[in-house]
Structures are given as structure tokens and as C-alpha cells.
There are 2 protein chains.
Amino acid sequence: MKTAEKTPDNQVISTAPFPASKKVYLDGTLHDIKVPMREISLHDTQPHIKGMKPTANPSVTVYDTSGPYTDPSYQVNLEQGLPRNFEKWILQRADVGYLDEISSEYGLQRKNDQDLDAIRFPNLRKPLRALKGKNVSQMHYAKQGIITPEMEYVAIRENQRIAEIAKNDVNNKGLLHQHDGHSFGANTPKGHITPEFVRQEIALGRAVIPANINHPEVEPMIIGRNFLVKINANIGNSAVSSNIEEEVEKAVWACRWGADTIMDLSTGKNIHETREWVIRNSPVPIGTVPIYQALEKVNGKAEDLTWELFRDTLIEQAEQGVDYFTIHAGVLLRYVPLTAKRTTGIVSRGGSIMAKWCLAHHKENFLYTHFEEICEIMKAYNVTFSLGDGLRPGSIADANDAAQFGELETLGELTKIAWKHDVQTIIEGPGHVPMHLIKENMEKQLAHCGEAPFYTLGPLTTDIAPGYDHITSAIGAAMIGWYGTAMLCYVTPKEHLGLPNKKDVKDGVITYKIAAHVADLAKGHPGAQYRDNALSKARFEFRWEDQFNLSLDPDTAKSFHDETLPAEGAKIAHFCSMCGPNFCSMKITQDVRKYASENNLDESEALEKGLKEKAKEFTEKGSEIYL
Amino acid sequence: MKTAEKTPDNQVISTAPFPASKKVYLDGTLHDIKVPMREISLHDTQPHIKGMKPTANPSVTVYDTSGPYTDPSYQVNLEQGLPRNFEKWILQRADVGYLDEISSEYGLQRKNDQDLDAIRFPNLRKPLRALKGKNVSQMHYAKQGIITPEMEYVAIRENQRIAEIAKNDVNNKGLLHQHDGHSFGANTPKGHITPEFVRQEIALGRAVIPANINHPEVEPMIIGRNFLVKINANIGNSAVSSNIEEEVEKAVWACRWGADTIMDLSTGKNIHETREWVIRNSPVPIGTVPIYQALEKVNGKAEDLTWELFRDTLIEQAEQGVDYFTIHAGVLLRYVPLTAKRTTGIVSRGGSIMAKWCLAHHKENFLYTHFEEICEIMKAYNVTFSLGDGLRPGSIADANDAAQFGELETLGELTKIAWKHDVQTIIEGPGHVPMHLIKENMEKQLAHCGEAPFYTLGPLTTDIAPGYDHITSAIGAAMIGWYGTAMLCYVTPKEHLGLPNKKDVKDGVITYKIAAHVADLAKGHPGAQYRDNALSKARFEFRWEDQFNLSLDPDTAKSFHDETLPAEGAKIAHFCSMCGPNFCSMKITQDVRKYASENNLDESEALEKGLKEKAKEFTEKGSEIYL
């Protein structure tokens, strides 16, 4: 990694703060923690009547996944990595110890290979591991009634200051109004997420906090049906396209736009070193699919994979700080024949690797047979299981078939084993599913997997739009999020066609923020509608800048507006280029409202009682009040 | 309009045929009609085993809205307009007559204004009108048991040759397999749409064929819950941005990508002349909102609108050939106060204009009070009603409120009046609605409007993503399409921000083709899954070109693929840049399939019985068969 690319000045790492936004840090009450959020300040509402004072609009605080990068007071140093804020908490629990040396053979070999010095992350630290007999998973603490700093952190983070707004902002109560949702049996508290609620949900297995003790740079976040719907962005090189700097920037870029976790799916060169750079500089949990790297170690020959090699890979990655592992332990020998008549066979990379191994050896999947040994590794570092759906459907034709649902049942069995070890677990889901078959996926997952969080890829609702699969899948993702899926794995426009570039990553992330948010709205998640209400109020009042700044992507909103009306004056104009001044419905409605204010009448009263008077006024004065 | 822009050679009008596609024309059996479709030819499937013959893949025929423009044998001449294929059928019914002169005052005034010669469509024809006492609506014919050529045309068009495929293609039956759908009570025939079924649906008011007798260039299409879900694209200038050539090309461009109808929402200069050019060159039905032009005629002062002026506008547009009119006759005086407490008031342009008029005069909406007179005009030209939802919600906060549903009830009353006159009618719907409140819209519409086709704008499922509202709305559009909406009005990325350009139009159209198609899949529309199956088979067999050509947007799919792997060889490679050669799950699955073929075994039998043998083979021969 070249030095020139490690400073923020040369813009290789995206650090610009969001417009009209400042980073705020909320304090914990149980623990000495600082929870970052983004506060968007708004302009005043101009009065209907001249001479009256403008009304202030309270700022809007939003969930912020961008990490320190968007804090202007933070000096980016990729070689140092992000601040290790959670290290002290991990150490205080006194159940971990630093290892003198990393324990994986492969990790050691890479470390001692001088040829790699040029690309190696320069400030490697000794790894932490649970002391003998200890279990450092958040689930383990939760079951013992311990509210960890991580738990309080996510509780504060989930609330997005809604309670504070409700208390302080009596005049503005309309913005907190929202529709009753329909949540299909989720049990999010009506008002406020407490640290104790977080603890309970984790203890029950209904939520996870992926936070490896070797990734103390992480800003803890929670994945569960009773919390905000999260999204994951995949990055990673392939044999065809590969570059460490690009991957680090892709990760930072994805977090900037709202990725709650990042999966590093690298399959190309220097996977180990790329991952180290990504983890050290990632404020969000990192997931991987360890079988990918294991396969690289045997030069792509699935049949040469062994449990020992895989085990070493798990330890290697756990000691780097990977927060969750996709493990395809549900691809059982007996399910493979069920895929033979499929239109698109097995489309999960991990699934097809394991199927090939099973067939080559005519043995049961070693991830399944060694599952309890894997649990031992997971709990020594607090790595979370993401039980992979290796047999997910890759086409509409293959949706909801016997192979897919067979595997899901096995994932349910494995969940119970993981929970026996107090290992946090989430379950991966499809894939390609037409709209009317989506709900069955959620229902079967809830039934088989004891409400362990569901984590789905889309699902894509048709096969006929390569180039637009962020959209075909956002439709399915929004719906399954509404039905109860806790995290949505994004799909980019490049799906099925090639490796995503930065533009694709952003398109995928924004599209999935939409899917996650509309799911929160439909579920009636407390406070979910606040930002919609604030943005629509800004829109109605022609506060263009506020409309841009409250949007998921202020840059794009502003540039689209400015394409036709770039002048500064247009930012306060009571129309846009879509309708022009005479046809702006909002402007016309404002004329009506103005009348009500001027007459000090309750608006609907004004309209009901004062219509005749209004008719006269319109005729006498002309009604183009804002021209 | 400059001559240079009227020929296809200079590429101003988009005419390139789609890759590997040819235009086919299917004959009617009742009538001498030719129904255009697009036939996509595919490559052969290469055999698993060397020496065996490749298997041919039958071509895929798709619904084609692009008109003659994509037929290489057609010579575009914008000054002549498209061929008037349906004129002879209209004349044969002997219930119409040419007028010596256009009957609207305004139309006449424009015609006689020599200053407009430079921009006028040069080959104006005399308008047709129903003979005195005659009703030329398709509903009128349908109720009398007449199957018109238009009805047979749409029946053939809807079927997309599925019956033919089923009959001829015994070997390929797998591609016709599809999931049972869930259609919420729609009653699409299981096999095949017959002309008689079309007639029945139109007679019952459950479907419409918008086809003004003065738009004989139209390729008839049907809108109804029991047919394929359709999409509309809006074009049109505004006071801020205006250009006739651009609007004609936008219309042709929108049809190219799949718009089933076009609404010309111009509000800027020369609306009359722009519309003439658009209609003469449009192969799809054209809709308008006549109140927009009426407002321009009174210089934007809503209170100066009169019934007489509006009536003249309807006749002016009906004689040009507009196929459907949005009429905001449900915005009643008593509903306006119900919008006073809304977050975003009235957001329909037509709705706000009528609300302003009602308030200014303290009189009931003249579109409501003169509704039967409007019906008389509609039936003299076969113009279809699109009853406008002037009080649709413009924000999540305002969804499903009393104003919106009050108006919907009134639209139901008006539908019954329109049907009394045998006037075809569709109903417009929202707007901004969170996912969990969408279904109620469909249910209420079905209940109040007697199954008249529903035509919705999105709905947008959140307010927080300006710049991405094609996506926020595609989620809602897909769902409401599934629930039973017959036509979806597209939303472009520029919604709320500015006037869409060509790129935005294409993004909007493709996004809505996705929404409409996923709705068809979920409803289980006969044959809907065929294209998905064919594309997924091509994907699985690494027939990259076929995958691109079967997609909704072959240009984008191909260019995304070629960004990383531009070489021609990559078009037959058994991997792409996303995973690289070792990680291609489809390739690995093919290894398994190959084994089965080589042993002449039924595939699942091979897998079930031959696992041990396979294990041996893999080890002996190595398994990287396709490298």
C-alpha cells in the first residue's frame, strides 16, 4: 500500500462529512461509552404571514455507520488503523489473554514471509483469545445476566434519540406521529430499547452483536428481528481483479453510505493481507466465508480440502478479528441429489465447494461433522455463526424446493447446537424467489431456527433483469425485511455479470438502505417515520437544501435538482423543473394554508367555515401569492 | 422540427433492432390483422460429452411495445407519422364520419396561426367523430357481443405464443414449468387468452382498450387485472424545459424499453403542436391531463377556468387522437378541508388546480357537475377515462387518509355513470404508501369501483430517498401489481427533483418493467415464467450472449459484463469476473451433471446411486473438467 494513499488529503479514502451534518457522541449511563450519531441541522420554516417570526425546525439525528472517517476532528491513518475503543472493555472482563504468537500455521507462515512485507499491514498486534475454559461470546454474558458495554452501546444506537425528541420537542409532535405497523409477531418495545432488552434478546438467541475480541475497532451493532433492519455490503477481490487499496476504500465507502456490516469475499491474491487492512480500518463488523480462503490454499481443488486445513483457516481469521463466519454446514450429502433437476443447480460458491467435496469423498460434510469443534473456536473469540444457505435457489424456477428447505431444517438443528455452546448465530437465506413465495421462507426459518436472526440475499424476484438486480432484489428484500428478516445482504447492479466497482457498491448500499427502511416503516419500528416526516415537511415548505440533506444520498438529490435549475435562487424557489411555477401542487396548497393562518383559524375550520370568504379573497387579490 | 432530425440515419430517433431479435407478425383468425412481437433467437446448448451433438434452444417470443421503429424494413418518416393500420377497421364499422373541420375553437385557432407553421406537424388530417347517436367505445361493441379487431389483436398479443410453444416444444417442457401463483381473486384463464374472453372483460368494465378513433397508428393493448400488468411512462415539457424533438424521441425511446402507454404531461409552450407530433408517431396509446392545457389557456389562473373552456380542450385533444384523459372529477368541495392537516397537502397537479377552483368559486368541481357531458365526448371518439386521484397522498404520513379514500368512493360512483354510457374507465391510485398499507388501497378500489382497472403511481414506500424514487416506488408498484393493479405509472429517479431526461426515462421504464413482470410471476400469469426459465438456463450453461439478449436491457447487461472481461472469449467462458474460474458455483455444479450424462443415467439417480463411483472418478481424473 503506497503512502500517498494513506492520507485523507489525497481523497483516496472518502472522509468528507455529510452536508449540514455533525457527528455527535452520546454517553452511556451504565458504561463509559460514546455512541456516534449524525445530527442533521435544518433551516427555519418561513412564516405564512409577513412580519411573523420563522419557526425553527429541530435537527434530525440519524443512525451512523460511517465511523470516524466523517468526523473532521479525526486524523485518518490507515497504517495505524482505527482507534481500539473496545479493547479496554474486553480486557476488563478478565477472561482473555494476549497470545505470544498467532496460533494458526498459515498465519505464521504469511507473517514470516518477507516477500509480503511491502503489502503487509505494518502495525500487527498480538491476538487475544479467551482464557482456557472461558467463553467470551456476548450470548454467554447475556445468559448470565451481564449487560456488557456492547449491549448498552447498541441500545443507545438503536434509539436514535427518539425519546429525547419526544420529551423536548412538544411543539413538534406531528413529526413523531407514525402509522401503526404490522410486524408479523415481532416484539419490538413500543417506546424505547433498553440495555436490558438487548441482553434478553441476545440471551434468547433472537439477536446477535458480532464483535470479535480481536476487532476492538468495531462500533458495536445488533442484528435481530426486534431491532432496525440492517444491511450488509460485500466487497473483495477475485482472481480476475485484485487490489488492496481498492478493497479498503470500498469498505470505507460502503460504511459511508450505510453498510452495517461488510463481508470480505476475496478469492484472489493476498487474501490474508487484504483482510488485515480491511479489519484494522473497518468501524463495522467484518464477515468472511473461510472456505474461500481454504480453497485457495489447496489451489482451487475442492477435493483436497481437509478439516485440519479448514480449522487452521478459522483460527487464522479469528485471530485477525473477523466478526462472523459463513459456515456451509447444512450442505449434507443427502441433499445434493435434490439439486440435480434444478434449473441452476447449486449457486452458492461455498455450497458448491462443499457439495463437490462430499461427492469426491463420499463422506458427510466435514463442517457438519466437526461442528462442535467449530463452536469451540467461535466462543474463544466471540465469532458469530452465519450458517450459510449453500443450497439456496439461483433462479425463480428453483425457489422453495426440497433441497433448500431440507438444508434450512439442518441449519435449525445446528443453531440449537451453537446455542448449547452460547455461540451467537444467524441464518442465511435466499436467493431467487418470486414475491408470492417469499413469506414461506420467513415462516419456515422462524419455525426451524428458533427465531435466530435471518440474513437474506435479496431475494431477487425475477431472473430477467441482469444489470438491474439491485432493484429486482430490493423488492424481495423489502418484503422479507417486513416479514421479519434482520439483515439484508445487498445485491449490486453487477450481480451475475462482474465484480462491483465503487459506483456499484454505492448503488447497492443505497438501494438496500431503502429496502431496510421501508421494512422498518411497515413493521412500525418506533421512530422509523420521523425522518420521512421531516423530509416531507421540508419538501412541502420548499426547503430544498433540507430535503437534500435529509435524504439517503444528498449528493445525488442535489445534483439531480441542479441539472435543470443550478442557480442558488432555485434552492428556495417554490417550484422545480418538473412542473414549473404554475403547476406546483404544493405551492397551490400553500395558498390555501396561508389563508387559514392569516385568519388565525384552525386550518380545517378555516376551510370548512371560510370557503365563501376565501372565494372572495381569491377573486379580489389574485391568488398567486408566492409569485 | 428540423429535417435533419426526422431521418433514422442521424440516430436522433432510436431505431436499432434489439440484438439477436427479429420482428415477427402474427396473423389473426377472425380479422386480417398483424400482431407484432419480438423473437429472440438463442444459441445451442453444448453437450456435456465430446462427440455428442449440441441441443438447439427454441427462440423466445416477447411482448413488444417498440412499434415499427425496431423493424429494419420500416422507413421512419416523422413528418408522415406511423402507418394508420387501424383506420380501415374503424371505417368499416360505419359508425364514424370525417369532419370537414376540427370542432374545437382553440384547435382551429392554432391551425390558422401561421406563426406556428414552422413547428406544426405537416400532414394534419381531418378528424373522425362518431356519427350522431353512435357510440364508438370498445365497451359499447363488447356489450353488444361484437369482437372487434382490436380485441382479437390484444388477445394474440397477450398470449406471447405460449400455446404454440407448448404444442411444438415437447422436449423443452421444463421451460414452460412455473410456480402456481397467488392472484388475490383475479380470474385470468389458465391456458390461453381468447378474443371472446377479452370481449367479456371489456363488457364487464374489468379491462379497457384505449384506442381513440383518431389514433389509428396505435397498436392496440389491453389494461385489466386479468391480463399482463402494464406500465405507463410520462413525458412532456414544462415551462422550464421545452423542446418538441426531445419529447418525440422520449416517447419512441420509452416505447423501445417497454412503455405500454405514454402520458404527455406537457405544461410548457406549444402543447398542442407537441402533442400532435407525439401522437402521430406513437405506436402506444397516449394519455393526457387536459386540465393542464386548460390552465395554460388561462395563463395559470385556476380560478379563471370554465367548463366551456375545458370542454373545448377535451374536444381539441380527442380530435387529435388522445386515447385516455385523466379527469379529476372526484376532487369534491367537501374533501378539500380534509387535506388541511396533511403533511404535504394536495400533491396532484390536477387535484390542486381543481381544489383551488372549487375554493375560489365556492362551487362544486365542474368536472363532477358536467360528468355526463364529458361522457358524451368520450364515447364519440372512444377516449377512455382515467379518473384522477387528485387527493392522493404525497408523503408516508398522509397515506390512506379520509381525503384519499373519500375521493376513491366518488370515483366509484363516477365509474358507474361512465359505464352507463359504455365509456371505458380506469381509476388512478397513489402515491406515497408504506408497504403494510398498500393492500388496503387495492381492496378499497376493487370494492368501490366494481373491478374497473386500477392504475397507480408507484406507490412510493418511503420519502427519504429523492434521487432513487424509481426504486422506492418499484417496491410498492410490484406489490400493488401483485394485489391486482392493472397498470403502473412509472416514477423516474428525478421524481421530486426535476424533469426526467432520456436516461431517467429509460431507468424508470426498465424499473417498472421489472415491477410489472414480478407481479405477473407472483400472480402466476400463464407463461410469465418462461423468459425467466430461458434466461436462467442460458446463465447456467454459460451462454452469455443469450443471457444478455433475453434480459430487459441487453445493452447494459453486456456492457457491465465487458467492463472487466471485454475479450470475445469471455462470452463463452465458464466463469465471470465476480468469482473467477475456481469459484464459479455453476461450473462446479456442471461437473456433477457431466458425470451423470456420461454414464447415461438419470441425473438424480446418478447422484443417488453413483456417489461412490463418482468419488473415485474425481480422484483419478481430477475434476476441473472445463478448464
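1. A quick term before we start: two strands count as paired if DSSP finds at least two bridges between them. With that in hand, look at the start of chain B, bearing in mind that this is a predicted model. Strand β1 (residues 21-27) of chain B is joined to β2(B) by 7 bridges, and the two run antiparallel. The link between β1(B) and β2(B) is a hairpin of 6 residues. If you want a spot to click on, K23(B) sits opposite R38(B) in β2(B).

2. Stay with strand β2 (residues 34-40) of chain B for a moment. β2(B) also pairs with strand β3 (residues 60-62) of chain B, again in the antiparallel sense, over 3 bridges. Here E39(B) stands opposite T61(B) in β3(B). How much of β2(B) is covered? Most of it: 6 of its 7 residues are buried.

3. Further along chain B there is some parallel pairing to look at. Strand β11 (residues 324-327) of chain B pairs with strand β10 (residues 286-288) of chain B in the parallel sense over 2 bridges, with G287(B) opposite Y324(B). β11(B) also pairs in the parallel sense with strand β12 (residues 384-387) of chain B, this time over 4 bridges. F325(B) faces F385(B) in that pairing.

4. Which way do the residues of β11(B) point? Y324(B) and T326(B) go one way, while F325(B) and I327(B) go the other, and all are buried.

5. Now over to chain A and helix α10 (residues 307-320). At 1.5 Å a residue, its 14 residues should span 20 Å, and the end C-alpha atoms are indeed 20 Å apart, so the two agree. Of those 14 residues, 11 are buried, so the rest of the structure largely encloses α10(A). Among the buried ones are W307(A), F310(A) and D312(A), along with E316(A) and E319(A). Just past the helix, G321(A) has a positive phi of about 120°.

6. T511(B) is worth a stop. It lies in helix α17 (residues 502-523) of chain B. Is T511(B) buried or exposed? Its relative accessible area is 0%, so it counts as buried. The T511(B) side chain reaches the backbone oxygen of D507(B) at 2.6 Å. Leaving aside residues up to four places away in sequence, T511(B) touches H470(B) and A474(B), plus I471(A) from the other chain.

7. How do the two chains relate? A turn of 180° with a shift of 0.0 Å along the axis lays chain A on chain B with an RMSD of 0.0 Å. The copies are therefore related as by a two-fold rotation axis. Which residue of chain A comes closest to that axis? I475(A) does, with its C-alpha at 2.4 Å. As for the interface, 100% of the interface residues of chain A are also interface residues in chain B, so the copies meet through the same surface.

8. Last, the cysteines. How many disulfides does a search of the whole structure find? The count is 0 over all chains. Take C358(A): the closest cysteine sulfur, in C375(A), is 18 Å from its own, which is too far for a bond because a disulfide needs the sulfur atoms within 2.5 Å. C358(A) is buried, at 0% relative accessibility. C255(B) is in a similar spot: its sulfur is 14 Å from the closest cysteine sulfur, in C489(B), and that is too far for a bond. C255(B) is buried too, with a relative accessible area of 1%.

Methods
Residues numbered from 1 in each chain as written. Chains lettered and ligands numbered in written order. Predicted model: local features only at pLDDT ≥ 70, side-chain atom pairs only at ≥ 80, totals over all residues. Heavy atoms only, no water. Buried < 20%, exposed > 50% of the residue type's maximum accessible area, 1.4 Å probe, protein only. Expected span 1.5 Å × (residues − 1). Polar contact = N/O pair within 3.5 Å; in protein donor to acceptor, adjacent residues only side chain to side chain. Contact = heavy atoms within 4.5 Å. Least-squares fit on C-alpha atoms with pLDDT ≥ 70 in both.
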